[in-house]
Every structure is written in C-alpha cells, then in structure tokens.
Amino acid sequence: MTLAIFFGCTFIAFGPVFSLFLFTIARDPLRIIILIAGAFFWLVSLLLSSLIWFITVKASDPRDEPLQKGLLIFGVMFSVLLQEVFRFLYYKLLRKAIEGLVALSEDGCSPISIQQMAYVAGVGFGLMSGTFSMINLLADALGPGTTGIHGDSQLYFLTSAFMTMVLIFLHTFWGILFFHGCEHQRWWEITAVVIMHLAVSGSVCGVEPALSWNPEAPWDVPVPSCPCPPLHPGGKSSHHLLCNIFSPGLVDPGQFWQDRCWGLAAAAS
C-alpha cells in the first residue's frame, strides 16, 4: 500500500514535467544548462527566505501560536516576493547571455530565443519548487502505516501530489509571462504575476481545524497560479517549502504522519 502511494504520487507530481523535459529540453544541451541554472536561482531564493524566516522565528516566543502563525504567513509572502526578484535577476542574466551568443555566432543570430529561455527557466523554477514541496511527503509515504486509518483524510498525499503538479506548471506559466513582460516592458504583466503568486499563496494558507484542502483556490484564479500546496493536520502548519525545512514551535507534517505510523506499528506488535 505504501509503495503504491509513493509511486502513484511521484508519477502524478513529476510525470508531466518529466515528459516536458524529455520531449522539449533533453535534446538541447543549452536548454539543459538554462534549466539547471533556473533551478539554482530558485534554490538560492529559498535559502535566503528560509534563513530570514528562521531568524525571525528564533527571535520570537515559540509558545505564542498566533505570533508563530503570523510569522509563517510572513515567511510565505516574503518567499513569494523573493522568488519573483530572483526571476527578474535570472531574466537579466539570460538577456546578457543572448547578447554574448549573438556576438559569438557567425550569422548574428542567437541559437535560442528569449521565449524558449523563458519556458525552460520556468520549468527549472517549477521543478525545483515541486521537488522541495514533495520530498518529505514522499519519504513519509513509504510508511510504515496506512493513511487515514484514524479517521483522517485519505486524500492527503494524493491532493498534495496534484497540487505539486499544478505548482510546476504554473511556475512555467509565470516564467513565460514574466519574461514577456520584461522583454516588451509591459510592467502590468510582471505585476500580474506577482499579485497572482501572492493571492494564491494566501488563498491556500488559511487555517482550518482539520486536515483539509481547498480545491477551488488555485483553479479558480483567472490565470492559473499556485505557489503553495495544501494545508496540514490540525491546522498547525502549511505545506509550504519553508515548513518542510524549518518549523520550530509548529507541528511538522512529516513528524505528524511518522508519529501516527509508528503508533500503529507499536499497537500491532
């Protein structure tokens, strides 16, 4: 059962982006380099936002749950803004790279267009984001234990996998729209990306008293956008990337399921 959940969620979350990589990126070494560089830029933005959020949490009272919740929301919003800043920096870097490629080429043309760069960079952002979103959940999905045996939702891992898949596609979409806005100086497109990123982050970071998922949040936005996966048991923590790295004073989702699973194993023995 645990293996079925693990492989099923893995294929749901990463199967579509793997297909995109296989058919549109893997055959071009330059696109692979852009993909890896995009993933690195996203990773640096996560490192900085996680560091700042971790420092603010450590400097606060861990017993003050409303304050901790507020700091978590601050961490999510700050992380979104920092991701967009690094997306803009990556665009600037790629623009310089295109100028260099044009200067080195014999026919005066770049071997890759800015639109193709935007697509590949978006896939890189989304792939790294989805990996950090699902890695802890996939590790817990291997068991031991059975999901939902204590009356909790059995759709926890499944919905998380679907949300991760949406997250990857939407980062790709954001990258294309963001680069297009920068290239043609349409600042409303850049603003729209940032606002949608923030709006959907807030729409899925609401707290409910039980394990829940708001299926309307990301799909009802006029232009799809979703940076942050579903909520977690007890309403104590969000499945945002920051929570998968640092969550002092909050219930860690991985620890929650691990405790449940080990409790079942102890009871069975």
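This briefing walks through the nonpolar core, one buried serine and the salt bridges of the structure above. The model is a predicted one. Its largest nonpolar core has 43 residues, and the structure also holds four salt bridges. Three of those bridges are described below, with the burial of each partner.

**The nonpolar core**

- Within the 43-residue core, Tyr90, Met134 and Phe179 are the residues with the most contacts.
- Six elements each give two or more residues to this core: helix 1 (2–25), helix 2 (29–58), helix 3 (65–104), helix 4 (114–141), helix 5 (156–183) and helix 6 (187–203).
- The top contributor is helix 4, which supplies 12 residues.
- Leaving aside residues up to four places away in sequence, Phe179 touches Arg87, Tyr90, Tyr91, Leu94, Ile114, Met117, Ala118 and Ala121. Tyr90, another of the residues with the most contacts inside the core, is thus among the neighbours of Phe179.
- As general background, nonpolar side chains in soluble globular proteins tend to be buried together.

**Ser45, a buried polar residue**

- Ser45 is a helix 2 residue, and it counts as buried because its relative accessibility is 1%, where the cut-off is under 20%.
- A polar atom of the Ser45 side chain lies 2.6 Å from the backbone oxygen of Trp42.
- Farther along the sequence, beyond four places away, Ser45 touches Leu82, Gln83 and Phe86.

**Salt bridge Glu84–Arg87**

- Glu84 and Arg87 are joined by a salt bridge whose closest N and O atoms are 3.0 Å apart.
- The two residues sit three apart in helix 3, so about one helical turn separates them.
- Both partners are buried: Glu84 has a relative accessible area of 4%, and Arg87 has one of 1%.
- Arg87 also appears in the contact list of Phe179, so take a look at this spot when you view the core.

**Salt bridges Asp28–Arg31 and Arg186–Glu189**

- Asp28 and Arg31 meet through their side chains in a salt bridge, at 3.5 Å from N to O.
- Asp28 is partly exposed, at 24% relative accessible area, whereas Arg31 counts as buried at 19%. The cut-off for buried is under 20%, which means that Arg31 falls on the buried side and Asp28 does not.
- In the salt bridge between Arg186 and Glu189, the closest N and O atoms are 3.6 Å apart.
- Here Arg186 is partly exposed, with a relative accessible area of 38%, while Glu189 is buried at 4% relative accessibility.

How values were computed
Residues are numbered from 1 along each chain as its sequence is written. This is a predicted model: local features need pLDDT of at least 70, side-chain atom pairs count only at pLDDT 80 or more; totals for chains, interfaces and linings use all residues. Side-chain values use heavy atoms; hydrogens and water are left out. A nonpolar core is a set of buried Ala, Val, Leu, Ile, Met, Phe, Trp, Tyr and Cys residues joined through side-chain atoms within 4.5 Å. Buried means under 20% relative accessible area, exposed over 50%, partly exposed in between (1.4 Å probe, protein chains only). Helices (H or I, at least four residues) and strands (E, at least two) are DSSP runs, numbered from the N terminus. Contact means heavy atoms within 4.5 Å. A polar contact is a pair of N or O atoms within 3.5 Å; within protein, one must be able to donate a hydrogen and the other to accept it, and residues adjacent in sequence count only if both atoms are side-chain atoms.
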